[in-house]
Amino acid sequence: MSANTAVKKKATNRSEMSKAAWTWKEIKRNKTAYVMIAPFVILFFIFTILPVGVSIVLSFTDFNMLQTPDFVFMDNYITLFLDDDIFITSVKNTFIFAAIVGPGSYLLSFICAWFINELSPKIRAIVTLIFYSPSISGGAYLMWNIVFSSDSYGYANALLIDFGFINMPIQWFQDADYVMPLCIVVALWTSLGTAFLSFIAGFQGVDHSLYEAGAVDGIKNRWQELWYVTLPTMKPQLMFGAVMAITQAFGFGAIVTSLAGFPSVDYAAHTIMHHLEDYGTTRWEVGYASAIATVLFLIMYGSNALVKKLLSKVGN
Amino acid sequence: MKKSMFKRLLCGFLTVLMLSGVSATGTMAAAGPENNSAGLTTSAPEETTKNSLEEIKAILDTPGYDEYVASLDSTKKATETFTVNLADAFVSSKGTDEERKVEKLSASQTKEKYGKDVASIYLPEVGSATFQFEVKEDGLYMLEIEYYSVLAKATSIERMLYIDGKIPFSEARYLTMYKTWVDNLEEGSSFKQDLTGNDIRPTKSQLPSWNTYTFSDSTGFVVDPLQIYLTAGTHTLSFEAVREPVVISTVTFKPYVAPPTYAELLAEYEKNGYQPVEDVKIRIEAENSGNSEYPILTSDQTIYPLNDRTSPKTYPQDASKTKLNTIGSDKWKTNGQWIKYTITPEKTGLYEISMRFKQSSLEGMYVSRRIYINGEIPFREASYLEFLYKDEWQNKRLASEDGTAYQFYFEAGKTYEIKFEVVLGSMSEILDRVDNVLSLMNQSYLKILMITGSSPDQYRDYNFSRLIPEAINNLVFSAKELKAVSKELKAITGQTGSHVATLNKIIVLLERMTSDESQVAKNLENLKTYIGTLGTWLLDSRSQPLEVDYFVLQTPGTKLAKANSNFFQSLWFEIKAFILSFFVDYSTLGATVEIKDDDKKVEVWTTIGREKSKIMRQLVDSDFMQNNEISVEIKLVSGGVLQSTLAGIGPDIAFLASADCVNYAIRDAVLPLNEMEGFDEVMTRFPKAATDTLTLYGETYGLPNTMTFLMMFYRMDILADLGLEVPRTWDDLKRIIPILQTNHMTIGFPSKTAGTKLFLYQMGGEMYADDGKRINLSSNVALSAFTELTDLFQSYRFPLTYDAANRFRTGEMPILIADYISLYNQLTVFAPEIAGLWEFISLPGFEDENDTVDGINNCSVVTVEGVCLMKGAEDNPEESWKFLEWFTRGDVQSSYSNELVAVVGQSSKNATANIEALKDLPWSSREYNNLMEQFNETVGITEYPGGYIITRYVDFAFMDVYNNGANATEAMLDYVTEINKEITRKRKEFGYDYLEITYSNSSDYIESE
């Protein structure tokens, strides 16, 4: 059918073409746009889609980095869910972590951004920098290592000993009771990152005439203004912030490792990321590690979808 | 009027009274810690390795030279000189063994062996030798020793001197006789160059030679030679070996005559009618004489030619290439180090000497050098020539303070040796005082610490002045002394630089602490910090770095060349350098032999750092590539060995930790070595412990490069002060813990897995059972080892986390069990103020009847880094193996380690795993003995598949006990099954036979009594 239309060279009609042909035609028509987007797509494919794909494939093998992998079907997943207690611990930890740090940092970023937005522009610039600095200054969170050093000369220990609360230093990052809360505190401290900046940008971008229009329409207080005017206008930023917060919260591993060591004592702060690292780099069971990565990917994807749903309710 | 007069008198009287009171406490304080010096009981040297309490006490209690002189009844100088030939005077020796014994040599033997026609005696690097001699006349004598530096290790010769069985004063503990070093130059006179024309720093070799050593203070605090008071009659003299063998012919006792002053010398010049020479300019490049007959001689291996790029005027200089053009700098800064030049002038007469130098490190201060001409200090001022600070190069005459250039008399055709030696100069007295203050402050701090602990209660009245009056007095004295020093320093340098400011800060603190007793406890932490600061201050002031480009002997009054280039010259130089930097291939830097890119090429990956890989490069070029026709490429990487091996672009040879080596090997990334040529012979170079860690089921996957292990570090002064013997067993240790703890001190002990391993192997246990199929931690011995460890930590509350070097330095942790090489290296640079107050010895152990050596099992578990053949070497296994075999040879390892110390300094000792090479490393004989004692009692743990899991779970078990007070046995057993499961899983993965261990049957593998 499509051959016929091509031969007759009539004015083409969408209904007369197959979908593939139509797409091809459209591509040819918009080729400049495709050329312009190509660099990104190529890079995105090579560095994001391809690895994810390879990882999913590898998750069905017993690849160990050096020898040719064998196909083992669902073995990795079966072991993961049925015979790996530590994975279950790490899932638990990850969810606790994500549940507190994700929304926590999101709200924190939002509230801080909102308050800062009320300041005069010059002060705002300075305060923004101050709030944003923990996340740009790379390894600055390592100072928490000094504050909560297990040495009796660590700040926290020295203070507590001085005031007579304790006699022996507390092994902060080496005591299963303290590791998780401390890591959460540090995570919140470093989380005022990109999301926070985008919120500030969002607040700046709200058209002031909308507020006037809102006032005319009967908005009574600042809360209503926020909910009905500000937030709906800055939905893209909210979405971006949420995605960042979630990915960060789930992918939180490096900071815990540098604070509490790897693995953290008694797996107290062992997240899925750590489990992944454990199998990927310590044991070189890349197949199994890929299975863990795949699971983590699905969890992140799922929670992103959930958040999208929630955000669509903003302003309604 | 009268009244005020009376008042004045009274005031004056009171002042005198107070001052004398203070100074009395002061002198008392100064004498305080050493007040039993009157009854000098320093015993004759006995066995060198013994660590008895008395011996330590004796060593620490010897008074200083000042006190010695003060305590003498008469300071009459002797008038006559007499010489004792040691070969004739030899009486007895102690502590030497069959291999290393004292040897008398007749004149003809000496002539034949050492080229001098005089009877002499060979003293080995261990034990002591005693000599007898007659003194005809009472009086003070200085000593001159004629010695021959035998070709041996790369350190100076060190001896302790005993007169009549006693160390006369503490300075006699360190007789440092330097060896003579010479650069190995191309055709005797020029530097070797790499392929791109850069100069390569020449290696140095010892030049065994006869020298005269004048008995003097090795720290430089006492400027003049040390003198000993001898009564008429028979005396004995003993030399106890600390480092290195030496041949001594004679010891000359003579009265000390100070050299004439310059004014006196000038008068003599005039009397003799000496005239200034005319039109002479002899320029000598400081880094290289360019004369193969008279090369530059140095006292240390570390004084070598350097490259200066700060000035285009430095000669020789090149904008793109590295030219060695200066010498000295911070390699030539320790008291006593010297550089010797030989010249033969062509004209007779008076010369002046000018020098182009740079002294940019001691701001607001000067550094000092002493000049010897043919072994004599020509005039008094020449023994402390001062070189002032300036940010750039200076070209100046050697001159007095008012600027008159000194003139030196040289005769035509004669050969002169000009020697520049580092001295502390006029700073020596000040530094001596600060040194005393520092040790007083240290002692006071420890005394206070023993009462209050490290975090004192600010609101408690400790009543220090009643409990430890001497400690408080010492602080008073310290404040006073530092004040005086600070004033003098200001007068000398004429400015209040950062140098003086440091002292002033400390004075303020000391005054606050001593004026009000309640401030003592409050400021204890500050005192600790300031002791460290003062230690660093002292170290900085004692170092006398001077960089020299050239010096000139010339007609007095000749115009000097400009020291620095002008702005445009500098600019042009920098521009050239910048442009040329685009055309230089930095990757071939240092290679002297063309690296051929053929299949035989061996690629080596290291993570050891630039300095080390440069040294390796030089060794490879000068030795391996010359003899083997195999190209070697050395690459400095920061990991990624496994990834690149996976990608097929990996190295042929890599340096890997033992665990990595075996782990890569079971994945076929590392090749076994057993089939290689001469494998069995090669393996005998290393202790079994080291090779065990690299071997799995009979296949060895790497040759040990370094091997480290735990040893015990202890503070001699503190243990002696508390009257504690050095513990040899853990029971001994447990006995002294309460004493240390009442004095608010503690012990640094390895915890978690390291501690468990330590006790497990000392109790005769093993980590694995059934050939690595399961962990042995459920055995009785392992459980009791683990319980023992956790008990130690629980009942004595040893700290788990601590900064070892810092706490050891302050004395909070007088006993520390730590990795020997890293802590030793750290302490050498980090804690100079406690140098000589600590040492490391073999670990304490458990009593064990089976141990044949001393009935104590005190083995130490080793950590090994191996050199491995990677998968990439499958194409050229022969060549790669040749490199491996070569690199782990005794002589190569020892040149590598010694070069490292030469280039980087004493703090970079290499923990070589080669037994032969360890002998050649610059350890003192005592350190070496202690080290060997532990070296012979080491075990290595085989790395079985799945071994990585052990550390994790043992740590968990330990923390569970430590944090939550869990039962040690239960805590451990909880994890044993987990460990076994992981081991089984891994063994399955790699196809080894395994035990099916599950939760249900795991109890079968637990030993029951």
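The expected span of a helix is 1.5 Å times one less than its number of residues. Keep that rule in mind for helix H26 of chain B, which covers residues 890-904: with 15 residues, H26(B) reaches 21 Å from first C-alpha to last, close to the 21 Å expected. This is a predicted model, by the way, and its scores are ipTM 0.79 and pTM 0.79.

**Around H26(B)**

A good part of this helix sits under cover. The buried residues are B:Gln893, B:Ser894, B:Ser895, B:Tyr896, B:Ser897, B:Asn898, B:Glu899 and B:Ala902. Among the elements that cover them are strand S12 (204-206), helix H14 (610-628) and helix H27 (915-920), again from chain B. Just past the end of the helix, B:Gly905 takes a positive phi of about 120°.

**Chain B as a whole**

Zooming out, chain B holds 30 helices and 45 strands. Its C-alpha trace spans about 105 × 80 × 65 Å along the principal axes. The radius of gyration is 32 Å, which agrees with the value near 30 Å for a compact globule because that is what a chain of 1009 residues would have. Of those 1009 residues, 45% count as buried. Take the contacts between residues at least 6 apart in sequence, and 79% of them join residues at least 24 apart.

The domain assignment splits chain B into six entries, and some of them are made of two stretches of sequence, domain 3 (262-424 + 544-571) being one of these. Domain 5 (593-708 + 863-939) is another, and the C-alpha centres of domains 3 and 5 of chain B lie 43 Å apart.

How confident is the predictor here? The mean pLDDT of chain B is 83, with 91% of residues at 70 or more. A weak patch is residues 13-50 of chain B, where pLDDT stays under 50 and the model has 48 contacts beyond four places in sequence. Where pLDDT is low, the predicted coordinates should not be read in detail.

**Two threonines**

B:Thr558 is placed in the loop between strand S28 (546-554) and helix H13 (567-580) of chain B. B:Thr695, for its part, lies in strand S32 (residues 695-696) of chain B. Are they buried or exposed? B:Thr558 has 16 C-beta neighbours inside 10 Å, so it counts as partly exposed. B:Thr695 is buried because 24 other C-beta atoms lie within 10 Å, and the cut-off for that is 20 or more. Leaving aside residues up to four places away in sequence, B:Thr695 touches B:Thr700 and B:Thr942.

Here is how each threonine sits relative to one other residue of chain B:

| Pair | Apart in sequence | C-alpha to C-alpha |
|---|---|---|
| B:Thr558 and B:Ser354 | 204 residues | 9.8 Å |
| B:Thr695 and B:Asn776 | 81 residues | 19 Å |

**Chain A and the interface**

Chain A is divided into domain 1 (1-58) and domain 2 (78-311). Their C-alpha centres lie 39 Å apart, and 4 residues of domain 1 are in contact with 6 residues of domain 2. On the domain 1 side, the touching residues divide into 3 nonpolar, 1 polar and no charged.

What does the contact between the two chains take from each? It takes 19 residues from chain A and 18 residues from chain B. The chain A side is a mix of 7 nonpolar, 8 polar and 4 charged residues.

Key. Residues numbered from 1 in each chain as written. Chains lettered and ligands numbered in written order. Predicted model: local features only at pLDDT ≥ 70, side-chain atom pairs only at ≥ 80, totals over all residues. Domains from an automatic or database assignment. Contact = placed C-beta atoms within 7 Å. Nonpolar A, V, L, I, M, F, W, Y, C, P; charged D, E, K, R; others polar. Helix = DSSP H or I, 4+ residues; strand = E, 2+ residues; numbered from the N terminus. Buried ≥ 20, exposed ≤ 12 C-beta atoms within 10 Å, placed from the backbone. pLDDT = per-residue confidence, 0-100. Rg over C-alpha atoms; globule rule 2.2 N^0.38 Å.
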